[in-house]
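Please look over the model below. The report that follows covers its sheets, a helix and a pocket.

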Amino acid sequence: MANNNKEEKKGGILSNWIVRNLILAVLFVVVVLVAANILLSVGTQHNKEIAVPDFTNMTFEEASYNAGRIGLKVEITDSVYVRRMKKGAVFAQFPKGGSKVKKGRTIQLTTNAKTAKEVTMPLLVGYSMRQAKAELSSRGLNLGRLIYVNDIATNNVLKQFFNSREIAAGSQIESGSVIDLMVGLNSEDNRTYAPDVKGLKYLRAVDAVHDNSLNIGKLNFDKEVRTYSDSLNAVVYKQSPSISGGPLTMGATVSLWLTTDEGKIAELSK
């Protein structure tokens with residue numbers, strides 16, 4: 001008996017089987033909780049986001065391959081008709097290239113149809129410029145110039161034009177057509193700034209310029225850009241005015257210089 005007491009004292013508290021089992025049970029629960037937390041974090045891609053590639057001008061097969069390489073998916077949800085663009089190529093996408101999304105996200109693509117289709121011209125009068133722009137895009141139409149005139153409400157759409165003529169709502173028009181908008185401009189609310197579009201592809205740059213209530217001025221494509229498809233892949237490497245040029249009056253123009261030269265494009269990231 002004395003020897004057993006001595007052995008228990010030597011082993012300390014861990015020599016007691018009840019205490020030992022309790023400690024093991026606690027350790028087991030801790031390990032399970034830690035493992036579950038790790039698996040949950042991996043499963044939900046906690047704090048991990050992927051930059052969406054720009055699929056513009058790719059075929060669906062190319063877009064699907066490039067998306068799959070980084071854990072994304074793509075699906076075609078709509079089509080438009082752009083005369084000068086490669087048939088079946090990606091015209092637009094949502095979310096846009098450069099957006100941050102979780103792994104496994106499906107990117108919605110709008111592709112260029114093989115034949116022109118007609119759409120109904122919407123009534124944009126009374127919309128804000130941004131609302132009108134979104135409505136045009138949803139119909140497969142493109143925003144052209146913003147024509148500003150004095151009005152009490154800035155960026156309120158007053159008239160809509162196609163080929164320099166006013167177009168009525170309900171008119172049938174080819175998908176991909178360009179629509180100009182006459183919008184209001186209040187003298188007390190007429191200032192904006194040039195966005196930084198360097199490093200953006202052509203269509204994304206145009207989109208950003210319009211979002212800032214500005215128009216596209218002169219487009220200067222490098223000699224390597226020979227076709228419309230080339231222009232869609234061209235990247236802005238210079239703009240005027242620059243983002244440091246101060247405030248601009250809404251409706252002013254932003255001129256762009258674009259290239260497909262890899263050397264010039266690489267310089268933008270330095």
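## Sheets, helix 5 and the largest pocket

Strand 7 and strand 11 run parallel and are joined by 7 bridges. This is a predicted model. One pairing can be followed at residue level: Asn150 has Leu185 in strand 11 as its bridge partner. Helix 4 packs on the sheet and touches strand 7, strand 8 (157-162) and strand 11. The direction of helix 4 makes about 155° with that of strand 7.

The sheet is open and holds 4 strands in the order 7-11-8-9, with mixed pairing. Its edges are strand 7 and strand 9 (165-166), each of which pairs on one side only.

Another open sheet has 3 strands, ordered 2-5-3, and its pairing is also mixed. Here strand 2 and strand 3 are the edge strands, each paired on one side only. From one strand to the next, the twist averages 30°. Strand 3 and strand 5 run antiparallel, joined by 4 bridges. Gln93 stands opposite Leu109 in strand 5. Helix 3 (residues 60-69) lies across strand 2, strand 3 and strand 5. Helix 3 runs at about 150° to strand 2.

The two strand pairs with counted bridges are set out here.

| Strand pair | Direction | Bridges |
|---|---|---|
| Strand 7 and strand 11 | parallel | 7 bridges |
| Strand 3 and strand 5 | antiparallel | 4 bridges |

Now to helix 5. Is this helix mostly covered or mostly open? Helix 5 (residues 202-211) is mostly covered, with 7 of its 10 residues buried. Those buried residues are Tyr202, Ala205, Val206, Asp207, Ala208, Val209 and His210. The cover comes from several elements, including helix 4 (129-138), strand 7 (142-150), strand 13 (215-221) and helix 6 (228-233). Strand 14 (235-240) and strand 16 (253-259) are also among them. Just after helix 5, Ser213 takes a positive phi of about 60°.

Next, the pocket. The largest pocket has a volume of about 1,400 Å³. It is lined by 46 residues, and the closest to its centre are Phe91, Leu141, Asn142, Leu143 and Leu203. Which element gives the largest share of the lining? Helix 5 does, with 7 residues. Elements that each supply at least two residues include strand 2 (73-80), strand 3 (90-94), strand 5 (106-112) and strand 11 (178-185). Helix 4, strand 7 and strand 13 are also among these suppliers. By type, the lining divides into 18 nonpolar, 16 polar and 12 charged residues.

Definitions and conventions. Residues numbered from 1 in each chain as written. Predicted model: local features only at pLDDT ≥ 70, side-chain atom pairs only at ≥ 80, totals over all residues. Heavy atoms only, no water. Buried < 20%, exposed > 50% of the residue type's maximum accessible area, 1.4 Å probe, protein only. Contact = heavy atoms within 4.5 Å. 1 Å grid on protein atoms, 1.4 Å probe; cavity = no way out; pocket = protein on both sides within 12 Å on 5 of 7 lines; lining within 4 Å. Points joined across faces, edges and corners; volume = space filled by probe spheres on them. Nonpolar A, V, L, I, M, F, W, Y, C, P; charged D, E, K, R; others polar. Pairing = 2+ DSSP bridges. Axes fitted to C-alpha atoms, helices over the stretch in contact; angles between N-to-C directions.
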